[in-house]
Amino acid sequence: MNQLMPPPIAPRLARAWWRGAVIYQIYPRSFADSNGDGIGDLPGITARLDHIASLGVDAIWLSPFFPSPMKDFGYDVSDYRGVDPIFGTLDDFDALVARAHALGLKVIIDQVYAHTSDAHAWFEESRARRDNPKADWYVWADAKPDGSPPNNWQSVFGGPAWTWDARRCQYYMHNFLSSQPQLNCHNEAVQQALLDVARFWLDRGVDGFRVDAINFAMHDPELRDNPPAPPSNRAPTRPFDFQLHVYNQSHEAIPAFIRRLRALLDTYGATFTVAEVGGVDSDGEMKAFTADDRHFNSAYSFDYLYAPQLTPALVRETAERWPDAPGLGWPSWAFSNHDAPRAISRWASAEARPAFARLAMLVLLCLRGDVFIYQGDELGLTQVEIGYDDLQDPEAIANWPLTLGRDGARTPLPWDGSAPYCGFSSAKPWLPLGADHAALAVAAQEADPESMLNLTRRLVALRQASDALLLGELRVIEAQGALLAFERVVPGERLLCVFNLGAAPIDWRPEGAWAVIESVGEGGLDRLGPYAGYVARAC
């Protein structure tokens, strides 16, 4: 019942380019390898940008490519103003930006403001002694009288959030790996240095930033102990899970720094910022960090990224937290990314995954807010099982086999199933490809008009042609059992989006007269087959 979408029935509404945008996340290590070392790089990305442009998306987001010891694969930055040699050079980056812009793609890059690598020159100076110019650029504290750490804070990756350093005879703080010392963003000089980093990349032509772990950027200067977390139905797997993180993160001064950053970006014109915000109060922080026109343009949380199921109730809850209200920020949503297991492997059984991947893409592209497509989701890639000997993720290695880890979502993109290593590289890749990924490769899907790849192109085009999907209010009509139905509405355009998120058919007919303009799965206005959905326009 697929039909071509008719032309918009009303003049297009004016909007900032990023509002309602579709953004494609690139994980550079795993996108395309140009030099045969088994690791993706910037020239490889540039050579394959046509693939991304063909999807019809608005922008790309590049995960870190900066110089780094790679203990956390780029999120441990040792030089904010460079390119790690495994990815290329600054000239390669400039060429990538130029090619992306020529294809009509904006370029968003990561910024990591909460911490650096312990190999960063700032930290090497800071740890040398207590009285140098950068002595207070990181979070240092004396031991307790018994020599134990200053407080009870725990790191995300396990163990205390403090490591002893004999050079200063003090502990330094790290919310993540011990090789990722915490920046002291309360320090005005640190804030200015980070703003100078942002200016460096803006001057090179980037169109905005995805800001990593911004709610970890500031701590309680009094170093008070975190209180214990109340009992819950979820069994803790890390010491971090036993606490409420009221003092090691989410400090009330963070929005003031965000305002400084936003003021800088505004001087460059139509730039965009989206913040990563996780934790138990992510909704409140997302709203604080995106309020009015002085903070980030958007933020995304982990509502979908770690959800064990995609349910109507989950969509209703997330939508109702972000109504179309004056002064409220603009949300962003992602079903998968480099930190979370691929969505279709979390949400569907093996036999249902091809159908569920199509349905999930339709749901994502009908949501109100910006949406992120993680590389490979346009192909329906599944999570890869990584054996212990092939693991790269430090958290997975430390907690094997209890933690699933992030490697299974970071495996190389398959370009041609008939080529060695599926065309990703001429050498053995840094992570193995999925056993079922050759059949899902780009080359095979290009030749199939009904492939997941071509469906994604069609659904992105549907969104781009509709002001209701880009900007409209989202009104939930039904969210019972496996049935989800909501309207997207702007003056002059009213769309109905209906989904069956379950394996059994559903009989349901909306009130009023509707014409289906796009669909996945079997069925129509009266009946939806398993994992089916449609978008209809009011007649």
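How many bridges join strand 8 to strand 9, and in which sense do the two strands run? Strand 8 (residues 272-276) and strand 9 (residues 298-300) run parallel and are joined by 3 bridges. Across this pairing, Val274 stands opposite Ser298 in strand 9. Strands here are DSSP runs (E, at least two residues), helices are runs of H or I with at least four residues, and both are numbered from the N terminus. Two strands are said to pair if DSSP finds at least two bridges between them.

The structure is a predicted model, in which local features need pLDDT of at least 70 and side-chain atom pairs count only at pLDDT 80 or more, while totals for chains, interfaces and linings use all residues. Residues are numbered from 1 along each chain as its sequence is written, and side-chain values use heavy atoms, with hydrogens and water left out.

**Barrel**

Strands pair through backbone hydrogen bonds, in either the parallel or the antiparallel sense. In this model, 8 strands close into a barrel in the order 1-2-3-7-8-9-10-11, with parallel pairing. From one strand to the next, the twist averages 25°. Angles run from 0 to 180 degrees between N-to-C directions, and axes are lines fitted to C-alpha atoms, for helices over the stretch in contact.

Strand 1 (residues 22-26) is mostly covered, as 5 of its 5 residues are buried. Buried means under 20% relative accessible area, exposed means over 50%, and partly exposed lies in between (1.4 Å probe, protein chains only). Val22, Tyr24 and Ile26 point one way from strand 1, Ile23 and Gln25 point the other way, and all are buried. Strand 1 runs parallel to strand 11 (residues 370-374), to which 4 bridges join it; here Ile23 stands opposite Phe372. Strand 1 is also joined by 4 bridges to strand 2 (residues 59-62), again in parallel, and Ile26 stands opposite Leu62 in that pairing.

Asp339 lies in the loop between strand 10 (330-334) and helix 9 (343-347). Asp339 is buried, with a relative accessible area of 14%. Leaving aside neighbours within four places in sequence, Asp339 is in contact (heavy atoms within 4.5 Å) with Glu276, Tyr306, Arg406 and Arg410.

**Open sheet**

A further 5 strands form an open sheet in the order 12-13-14-18-16, with antiparallel pairing. Its edge strands are strand 12 (473-480) and strand 16 (514-520), each of which pairs on one side only. The twist averages 20° from one strand to the next. Within the sheet, strand 13 (residues 483-490) and strand 14 (residues 493-500) pair over 8 bridges in the antiparallel sense, and Phe486 stands opposite Cys497 in strand 14. Helix 8 (residues 312-320) packs on the sheet, where it touches strand 12 and strand 13, and its direction makes about 150° with that of strand 12. Helix 13 (residues 452-464) lies across strand 16 and strand 18 (533-538), running at about 145° to strand 16.

**Cavities and a pocket**

Rolling a probe the size of a water molecule over the atoms shows where empty space is left. The search uses a 1 Å grid over the protein atoms alone: a cavity is a set of points where a 1.4 Å probe fits but cannot get out, a pocket is an open set with protein on both sides within 12 Å along at least five of seven lines, and lining residues have an atom within 4 Å of a point. Grid points are joined across faces, edges and corners, and a volume is the space filled by probe spheres set on the points.

Over the whole structure, the search finds 3 cavities of 30 Å³ or more. The largest cavity holds about 140 Å³ of space. It is lined by 14 residues, of which Ile344, Ala357, Ala360, Met361 and Asp377 are the closest to its centre. Helix 9, helix 10 (353-366) and strand 11 are the elements that give two or more residues to this lining, and helix 10 gives the most, with 4 residues.

The second largest cavity holds about 70 Å³. Its lining is made up of Tyr304, Thr318, Ala319, Trp322, Pro331, Trp333, Leu367, Arg368 and Leu474, and the elements that give two or more residues are helix 8 and strand 10.

The second largest pocket has about 250 Å³ of space. Of its 17 lining residues, Arg19, Asp293, Leu328, Gly329 and Trp330 are the closest to its centre.

The table gives the linings by class. Ala, Val, Leu, Ile, Met, Phe, Trp, Tyr, Cys and Pro count as nonpolar, Asp, Glu, Lys and Arg as charged, and the others, Gly among them, as polar.

| Space | Nonpolar | Polar | Charged |
|---|---|---|---|
| Largest cavity | 11 residues | 2 residues | 1 residue |
| Second largest cavity | 7 residues | 1 residue | 1 residue |
| Second largest pocket | 7 residues | 4 residues | 6 residues |
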